Amino acid sequence: MKFTFLVKFLSLSLFTIAGCLVQAQNVQITLGPDEIGENQAWTITVTANNDRLKSYDNFPDLDGFRKRGTSTQSTTNIVNGQVSSSQSVIMTYLPLKQGTVTIPSFTMKVNDKPIRVTGKKVKIGPAVQQQRDPFRSLFDRSPADDFFGRGETEFVDVRDDAFLAFTTSKDEVYTGEGFNATLSFFVSEDNRAPLQFYELGKQLSEILKKVKPNNCWEENFNIENIEGQTVQIGGRDFTQYKIYQATYYPLNAEPIVFPKVGLEMIKYKVAKNPSFFGQNRKEDFKTFYSQPKRITVKELPPHPLRETVGVGNYQLYEHMPTTDIETGKSASYVFNIFGEGNISAIPKPVVSNDDKFEFYEPNVRQDINRENSRVTGTKSFNYFLIPKEPGQYNLGKYFQWIFFNTEKKRYDTLRSKLTVYVTGESKKNEAIQANDAGAFYDKLETADNTLRMVEDTDWVKTAFSVFTVLVLGASAYFVFRK
């Protein structure tokens with residue numbers, strides 16, 4: 001027992017001394033052999049001599065190969081008191097078919113320094129029968145291998161407790177009514193399988209091509225940082241990682257179908273007999289699939305404005321600096337619609353001029369908030385109006401906005417409740433005077449109004465007829481002569 005402890009103590013001391021005697025960094029990138037069998041793996045190895053691998057870029061994607069996963073390896077040698085060490089990370093590629101594959105030149109950044117690698121051709125031949133020496137495991141293994149973890153490591157697959165889900169806030173909506181859709185990866189608190197996202201941006205781009213419906217307006221929540229949050233499903237605790245979230249607004253009554261999609265994850269296999277210094281996990285892949293989802297879309301109830309009304313849950317906030325105004329002077333009025341729904345699709349109120357007021361086209365401003373799985377916001381219509389007749393007027397006669405209320409399941413109207421008091425003289429007749437008659441009427445004062453007889457133009461008609469006869473005669477002459 002004392003000897004075993006002494007061996008471990010000396011070994012740990014040697015590794016500590018090695019860290020103090022590290023030499024200059026020497027990084028190498030080594031490509032696999034020029035020829036392999038169809039059932040053999042090909043590798044790219046990054047090795048740091050006398051230093052550790054602090055960082056490195058993603059290994060390149062190679063046509064004709066599929067990435068299998070990475071593994072790591074480290075060695076330390078003591079020769080005549082000189083300590084040398086190396087640390088390697090190995091990416092394994094599996095060939096897809098037989099033939100010759102061209103490995104292009106590439107650059108990888110290792111420990112923040114770019115390294116240029118020259119490509120080459122790799123010949124992939126028929127499958128090779130791999131024979132194992134039955135005596136190797138007996139004579140190549142020593143008790144020290146068990147301590148340092150240098151023997152052959154057996155990796156096992158750990159059952160995962162995780163799933164991919166595409167969920168929606170509603171299963172049935174009206175045309176124009178919003179529903180929230182979320183693609184999430186759920187991991188149980190009891191999960192023991194090491195999992196990691198793999199090329200998420202590239203995969204998500206392909207997933208969205210399949211998921212996004214063509215007959216919907218999308219309000220994307222633009223998830224930039226994927227952070228887990230604890231949720232309960234069936235009485236169990238899960239960590240939810242939201243990958244994509246958006247609110248959709250159907251443009252017609254066609255049903256919306258979200259297909260089954262897959263997300264490939266890195267799932268590590270773990271060493272059956274873990275060791276202190278050896279490699280205790282190995283990179284592998286697993287694809288998780290979501291279930292398809294269908295949303296039923298209903299037509300809005302009959303209404304003359306069914307094709308143009310806004311849909312949502314809205315309220316009105318109106319503002320006017322003063323309700324005491326004078327004829328002929330402009331005043332400002334803000335019709336502010338706020339609530340939950342497709343803010344971008346809110347149409348402006350239909351306002352018509354009459355002999356009491358003159359209304360101008362409004363300035364429009366909208367603000368949209370996307371949070372807590374809801375899309376809310378405000379759309380403001382800032383009007384300028386000029387009163388033309390004194391009196392007392394209810395603006396509800398002029399400003400009203402009809403929409404389909406998704407909470408009440410019926411049509412509703414937002415109507416102004418303000419009353420304005422107009423003073424001053426009538427300005428109805430000034431509208432004609434304000435119009436500019438134009439340059440044509442400005443010339444009436446200087447135009448010559450002498451009566452003149454219309455000139456006779458019969459000789460022009462006679463000359464044109466003679467010219468036409470001559471042309472036709474010449475054409476006939478040349479045709480018959482030919």
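Strands here are DSSP runs of at least two residues marked E, and they are numbered from the N terminus; the model shown in all the views is a predicted one.

**Figure 1. The predicted protein chain as a whole.** The protein chain holds seven helices and 33 strands, and 35% of its 482 residues count as buried. Of the contacts that join residues at least 6 apart in sequence, 73% are made between residues at least 24 apart. The accessible surface of the protein chain amounts to about 31200 Å², and carbon and sulfur atoms contribute 51% of that area.

**Figure 2. Two loop residues with positive phi, Asp-112 and Ser-373.** Most residues other than glycine have a negative phi. Asp-112, which is not a glycine, nevertheless has a positive phi of about 65°, and is placed in the loop that runs between strand E7 (106-110) and strand E8 (113-117). With a relative accessible area of 62%, Asp-112 is exposed. Ser-373, likewise not a glycine, has a positive phi of about 65° and belongs to the loop between strand E28 (363-371) and E29. The relative accessibility of Ser-373 is 32%, so this residue counts as partly exposed.

**Figure 3. Surroundings of Glu-389 in the loop between strand E29 (374-387) and strand E30 (391-394).** Although found in a loop, Glu-389 has a relative accessibility of 15% and therefore counts as buried, the cut-off being under 20%. When neighbours within four places in sequence are set aside, Glu-389 is in contact with Thr-327, Asp-355, Lys-356, Val-422, Ser-426, Lys-427 and Lys-428.

**Figure 4. Helix H4 (residues 200-211) and its buried face.** The 12 residues of helix H4 should span 16 Å at 1.5 Å a residue, and the C-alpha atoms at its ends are 16 Å apart, in agreement with that expectation. Leu-200, Gln-203, Leu-204, Ile-207, Leu-208 and Val-211 are buried in H4; seen down the helix axis, the buried residues fall within an arc of 135°, so they line one face of the helix. These buried residues pack against strand E11 (162-168), E13, strand E14 (195-197), E17, strand E18 (256-258) and strand E19 (262-267), whereas the face of H4 turned away from the buried side carries the exposed residues Lys-202 and Lys-209.

**Figure 5. Aromatic pairs and an aromatic cluster.** A pair of aromatic rings is described by the distance of the centres and the angle of the planes. With ring centres within 6.5 Å as the limit for a pair, the count comes to 26 aromatic pairs. Among them, the rings of Phe-179 and Tyr-248 have centres 6.0 Å apart and planes at 40°, so this pair is tilted. The pair links distant parts of the chain, with Phe-179 in strand E13 (residues 179-188) and Tyr-248 in strand E17 (residues 236-250), 69 residues apart. Phe-179 is buried at a relative accessible area of 1%, and Tyr-248 also counts as buried, at 1% relative accessibility. Phe-357 and Phe-359 form a stacked pair, 5.7 Å from centre to centre and with 20° between the planes, and both of these residues are buried. Phe-357 and Phe-359 belong to one aromatic cluster together with Tyr-333, Tyr-383, Tyr-393, Tyr-398 and Phe-399.

**Figure 6. Charged side chains over aromatic rings.** The charged end of Arg-66 sits over the ring of Phe-285, at 5.6 Å from the ring centre. Lys-260 lies over the face of Tyr-289, 4.7 Å from the centre of that ring.

Conventions. Residues are numbered from 1 along each chain as its sequence is written. This is a predicted model: local features need pLDDT of at least 70, side-chain atom pairs count only at pLDDT 80 or more; totals for chains, interfaces and linings use all residues. Side-chain values use heavy atoms; hydrogens and water are left out. Helices (H or I, at least four residues) and strands (E, at least two) are DSSP runs, numbered from the N terminus. Buried means under 20% relative accessible area, exposed over 50%, partly exposed in between (1.4 Å probe, protein chains only). Contact means heavy atoms within 4.5 Å. Rings of Phe, Tyr and Trp (its six-membered ring) pair if their centres lie within 6.5 Å; planes under 30 degrees apart count as stacked, over 60 as edge-to-face and the rest as tilted. A charge sits over a ring if NZ of Lys or CZ of Arg is within 6 Å of the ring centre and within 35 degrees of the ring normal. The expected span of a helix is 1.5 Å times one less than its number of residues. The arc is that of the directions from the helix axis to the C-beta atoms. Accessible areas come from the Shrake-Rupley method with a 1.4 Å probe; for residues, only the protein chains shown count as cover.
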